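Biologist: I've got a model open and I'd like to learn how to read it. Can we go through it together, one question at a time?

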Amino acid sequence: MSKIDSRDGFKSSWGTVLALAGSAVGLGNIWRFPYIVGENGGAAFILMYILIILLVGIPAFMAEFSIGRSTQKNVFGAFKQLAPKTQWYQIGTLGIISCFLISGFYCVIGGWTMAFIYKSVGNEFSGMDGMQIMTLFDSFINNPVEPIVWVIAFIFVTTIILISGVGNGIEKFNKILMPMLIVIMIILVINSFTLPNFKEGYAFMFKPDFSKLNSDVFLNALGQAFFSMSLGMGTIITYGSYARKKDSTLKLSLTTAATDLTVAILAGMIIFPAVFSFDIPAEAGSQLAFITFPTIFQSMTGGYFFSILFFLLLFIAALTSMISIFEVIIAYLSEEFKMKRILATVLVSSTAIIVSSICSLSLISDSSLKIGDKSVFDFFDYLSASYMLPISGMLVVIYVGWFWSKKKNRDEISSGGLHKIQYFKVYMFLIKFVVPILILFILLSKLGIF
Ligand code: TRP
C-alpha cells in the first residue's frame, strides 16, 4: 500500500470542488460552447444540451469518478485492478489517444489566449471595428511561426505547474483562479446588456426553434457535454483518484455540472449580443471568441483593462483544463512505468508541442494539412469530441453498470455508507440503460444506420 500512501492528492473538499470545476470550465465553455451553439441553431440546441447533461453527463461523471476514487489509480491501473486479465484497460488506450488529439487543438487556442493578452497589453486592437479585428486575427493564424511560439509558451507554463504536483500545484492554483473567473464573467454579462442588439442575441440563445433539431445537433450536443464535463478521457477517473473518501460523489458531480453549465451560458450571454451588434456571423466557428471579445472591448469604457483581464482569465481557464488533460498521462506514466513525475511531464509536453504545431499549421488558409474537408485542427476537435469521448464514456458506464460489483459501486458512491443514496436505483438505471442506449443511438444515427 505504500504506493497509495505516498500518492499525492487533493487536500480539502473545497480544493476538490474547484479542481473539478477548473478541469470542466475551460475553452469548452467560453470558446467552444458559443460557436457550437452558433453552428447548431441556438436555443433548441441549448435545451438538448441541458437534457443530455442531466441524463448522460452527470451519471457518466459519477461512474468515472467512482472508478477513480475506489481504486486510487490512473486510468490504466484502475481497470487493471478492477478487471484483471480483461481488455477493459483499453479504455485507457482510447483515453491517451484522445488526450493527444485534444491537446493538439487545445494548446493552440491556449497559445492564442496568451498572444491576445500580449496584443491587449500593446493596445493593438485600438480603434478597430469587428471586421478589422477579424482581419487581424486571420493574419495572426496565417503566420506560420507566431502562433507556434505561443503554443510552446502555453505548454511551458502548463508544464511548470504540473511539475509542482497535485496538492501544491493543481489544487492551489484552482482555488485562487476559479472564483476570479466567475466574477469577471458576471461583469462582462452586465456589460452585454448595454449593447444595442442584446435582444436579438438573447433571442438566438433562449428562443428555441425545434425545426433545427436533427441527428447532427444531437451528436454535437452529446460531444459538447462530454468535452465540457471532461468526460470520456480518464480525467475524471484521475481526479477522482485524488479525491478524499468522505466527499459526496453526488454533490461533487452536481456542483461540477452546475458550474460548468452556468459558465457556458454566461459566455453565450456575453458573445451573442455582441455578435448581433457588430455584424459578426454567429456561425463564425472556432474563432468567434477571439474576434468578438476584442470587438466588445473597443466599445466599452475601460475596454483596454477588461481586454487584458478577459484574455488572462481565458488563459487561466484553458490552463486549469489543460493541466487535467496532461495529468491523465502523467499519472499513467509515473504509476505504471514508475517514471519520475518530472520526466513524465516533460515527455507529455514535448509530444504535445509536436501535435499542436501540426494543428496550428493546418489552420493556414492554403494548408494541405487536411483530413477530408476539415483542417487537422478541426478534425481532431471533431473526432475526439464527437466520437472518441462518447465511445469511451459509454464503455466506462457499461463497465460500471453491468460488470462492476454492485456492492462496491454502492459502497463507493455512498462513501462507505456515510451519505444517503436513495437515488442509487435511478443512477443505476441511467448508467445501465439510458446512457449507453442514448450514446449508441446517437452514434448510429450519425453514421446513417438509423
Ligand atoms: N472540459 C474542458 C473544457 O471545457 C476540457 C477538458 C479538460 C477535457 N479535460 C478534459 C475535455 C477531458 C475532454 C476530456 O475546456
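Biologist: Let's start with one residue: is Asn74 buried or exposed?

Modeller: Keep in mind that this is a predicted model. Asn74 is found in the loop between helix 4 (43-71) and helix 5 (75-82). Buried means under 20% relative accessible area. Asn74 has 0% relative accessibility, so Asn74 counts as buried.

Biologist: And Lys338, buried or exposed?

Modeller: Lys338 is found in the loop between helix 15 and helix 16 (341-361). The cut-off for exposed is over 50%. Lys338 comes out at 62% relative accessibility, so Lys338 counts as exposed.

Biologist: What is the phi of Lys338, about?

Modeller: Here's some background: most residues other than glycine have a negative phi. Lys338 is not a glycine, yet its phi is positive, at about 55 degrees.

Biologist: Ser415 has a positive phi too, near 50 degrees. Is Ser415 buried or exposed?

Modeller: Ser415 sits in the loop between helix 18 (406-413) and helix 19 (424-446). Anything under 20% relative accessible area is called buried. Ser415 has 14% relative accessibility, so the word for Ser415 is buried.

Biologist: How far apart in space are Leu222 and Ile439, C-alpha to C-alpha?

Modeller: Leu222 is found in helix 11. Leu222 has a relative accessible area of 0%, so Leu222 is buried. Along the sequence, Leu222 and Ile439 are 217 residues apart, but in space, C-alpha to C-alpha, the distance is 7.8 Å.

Biologist: Now the ligand: which residues are the closest to it?

Modeller: There are 18 residues surrounding the ligand. Helices that each supply at least two residues of this shell include helix 2 (13-24), helix 6 (90-121) and helix 11 (215-228). The closest residues are Ala24, Gly28, Tyr106, Phe227 and Ser230.

Biologist: How many residues of the shell around the ligand are charged?

Modeller: Let's split the shell by residue type. It has 9 nonpolar residues and 9 polar ones. As for charged residues in the shell around the ligand, there are no charged ones.

Biologist: How much of the ligand's accessible area does the protein cover?

Modeller: Start with the contacts: a polar side-chain atom of Tyr106 lies 2.5 Å from an oxygen atom of the ligand. On the nitrogen side, a backbone N or O atom of Phe227 is 2.8 Å from a ligand nitrogen atom, and a polar side-chain atom of Ser230 is 3.0 Å from a ligand nitrogen atom. On its own the ligand has 360 Å² of accessible area, and the share covered by the protein is 100%.

Terms used:
Residues numbered from 1 in each chain as written. Predicted model: local features only at pLDDT ≥ 70, side-chain atom pairs only at ≥ 80, totals over all residues. Heavy atoms only, no water. Near = heavy atom within 4 Å. Polar contact = N/O pair within 3.5 Å; in protein donor to acceptor, adjacent residues only side chain to side chain. Areas by Shrake-Rupley, 256 points an atom, 1.4 Å probe, with all protein chains shown as cover. Helix = DSSP H or I, 4+ residues; strand = E, 2+ residues; numbered from the N terminus. Nonpolar A, V, L, I, M, F, W, Y, C, P; charged D, E, K, R; others polar. Buried < 20%, exposed > 50% of the residue type's maximum accessible area, 1.4 Å probe, protein only.
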